[in-house]
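This briefing sets out the strand arrangement, the packing and the charged pairs of one protein chain. Please read it alongside the structure shown below.

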Amino acid sequence: MEGNGMTSAEPDTARSDLYTVRKRSIARLFEVMITEGRLDVADEIFAPGFSWPQFDLHGPEGVRTWVRAFRTTFPDVLDTVEEQVAEGDIVVTRVRVIGTQSGPFRGLPPSGRKADFTAIGIDRFDGDLVVERSAWFDMAELMRQLGHHTLHLPSTATP
């Protein structure tokens, strides 16, 4: 027992609980916000000063904008969290994404083809809210699955 009346295991438990809360928050992004289309949860996940530099998105409204566009492209999207790791203020998530391209994607017309790909998200927290995010996936493999042979690079604000 330490001088403050706590055992040395208690701080580790508190950190573990914080990591669990943060991982669950990111799981809600994929499984509730993206898959179910519940855009209202953005305010519970993302800080007002949130930034997603890849897409030049800011705040919870920026995330809602991205999700709307992604769900327009893949309205039947199913995101499944497969693995998460939390360390310090970062949560890394591997997610399986399955969806049919029924809308335009990066300047390409709807293909009607189903894609099944893996994405990696890296989210930085301040307390319980995400303040910054980046996401990575194999664009070439996704284009092959969708039947596209060229890639148009629109502004970074569209998925």
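Thr 100 stands opposite Lys 114 in strand S5. This pairing belongs to a predicted model, and the points below start from the strands that it joins. Strands S4 and S5 run antiparallel and are connected by 11 bridges.

**The sheet**

- The sheet is open and has 6 strands, in the order S2-S1-S6-S5-S4-S3, with mixed pairing.
- Strand S2 (57–58) and strand S3 stand at the edges; each has a single partner strand, so one side of each is left without a neighbour in the sheet.
- Strand S5 covers residues 114–126, and its pairing with S4 also places Asp 116 as the bridge partner of Ile 98.
- On its pairing with S6, strand S5 is again antiparallel, here over 8 bridges.
- Within that pairing, Asp 123 of S5 stands opposite Arg 133 in S6.
- S5 and S6 form a hairpin with 2 residues between them. Gly 127, in the turn, has a positive phi of about 70 degrees.

**Helices on the sheet**

- Helix H3 (residues 59–73) packs on the sheet and touches strands S1 (46–52), S2, S4 and S5.
- The direction of H3 makes about 60 degrees with that of S1.
- Helix H4 (residues 139–146) lies across S5 and strand S6 (129–137). H4 runs at about 145 degrees to S5.

**The two faces of S5**

- The covered face of S5 consists of Ala 115, Phe 117, Ala 119, Gly 121, Asp 123 and Phe 125.
- The uncovered face of S5 consists of Lys 114, Asp 116, Thr 118, Ile 120, Ile 122, Arg 124 and Asp 126.
- Ile 120 and Ile 122 of the uncovered face also belong to a nonpolar surface patch of about 400 Å². The patch is made by these two residues together with Val 85, Val 92 and Trp 136.
- Trp 136 has its place in strand S6.

**Thr 100 and Ile 90 in S4**

- Thr 100 is found in strand S4, which covers residues 90–100.
- Thr 100 has a relative accessible area of 15%. Thr 100 therefore counts as buried, since that class lies under 20%.
- Leaving out residues up to four places away in sequence, Thr 100 touches Thr 73, Phe 74, Pro 75, Asp 76, Gly 112, Arg 113 and Lys 114.
- Lys 114 is thus named twice for Thr 100, as a residue that Thr 100 touches and as the residue opposite Thr 100 in S5.
- Ile 90 is also found in strand S4. Ile 90 is partly exposed, at 26% relative accessibility.
- Apart from neighbours within four places in sequence, Ile 90 is in contact with Val 85, Ile 122, Asp 123 and Arg 124.
- Two of these contacts, Val 85 and Ile 122, are members of the nonpolar patch.
- Ile 90 and Arg 133 are 43 residues apart in sequence, while their C-alpha atoms are 9.5 Å apart in space.

**Salt bridges**

- The count of salt bridges comes to 13.
- Arg 94 forms a salt bridge with Glu 83, with 3.2 Å between the closest N and O atoms. This pair links distant parts of the chain, as Arg 94 lies in strand S4 and Glu 83 in strand S3 (residues 78–87), 11 residues apart.
- Arg 94 is partly exposed at 30% relative accessibility, and Glu 83 is partly exposed at 42%.
- Arg 38 and Asp 40 meet through their side chains in a salt bridge of 3.6 Å, N to O. Arg 38 is partly exposed at 37%, as is Asp 40 at 45%.
- Arg 124 forms a salt bridge with Glu 132, the closest N and O atoms being 3.3 Å apart. Arg 124 is partly exposed at 32% relative accessibility, and Glu 132 is partly exposed at 31%.
- Asp 43, Glu 61, Arg 64 and Arg 68 are joined into one network by salt bridges that share partners.

Notes. Residues numbered from 1 in each chain as written. Predicted model: local features only at pLDDT ≥ 70, side-chain atom pairs only at ≥ 80, totals over all residues. Heavy atoms only, no water. Helix = DSSP H or I, 4+ residues; strand = E, 2+ residues; numbered from the N terminus. Buried < 20%, exposed > 50% of the residue type's maximum accessible area, 1.4 Å probe, protein only. Contact = heavy atoms within 4.5 Å. Salt bridge = Lys/Arg side-chain N within 4 Å of Asp/Glu carboxyl O. Pairing = 2+ DSSP bridges. Axes fitted to C-alpha atoms, helices over the stretch in contact; angles between N-to-C directions. Patch = residues over 30% accessible without salt bridge, like charges linked within 9 Å, V, L, I, M, F, W, Y side chains within 5 Å. Areas by Shrake-Rupley, 256 points an atom, 1.4 Å probe, with all protein chains shown as cover.
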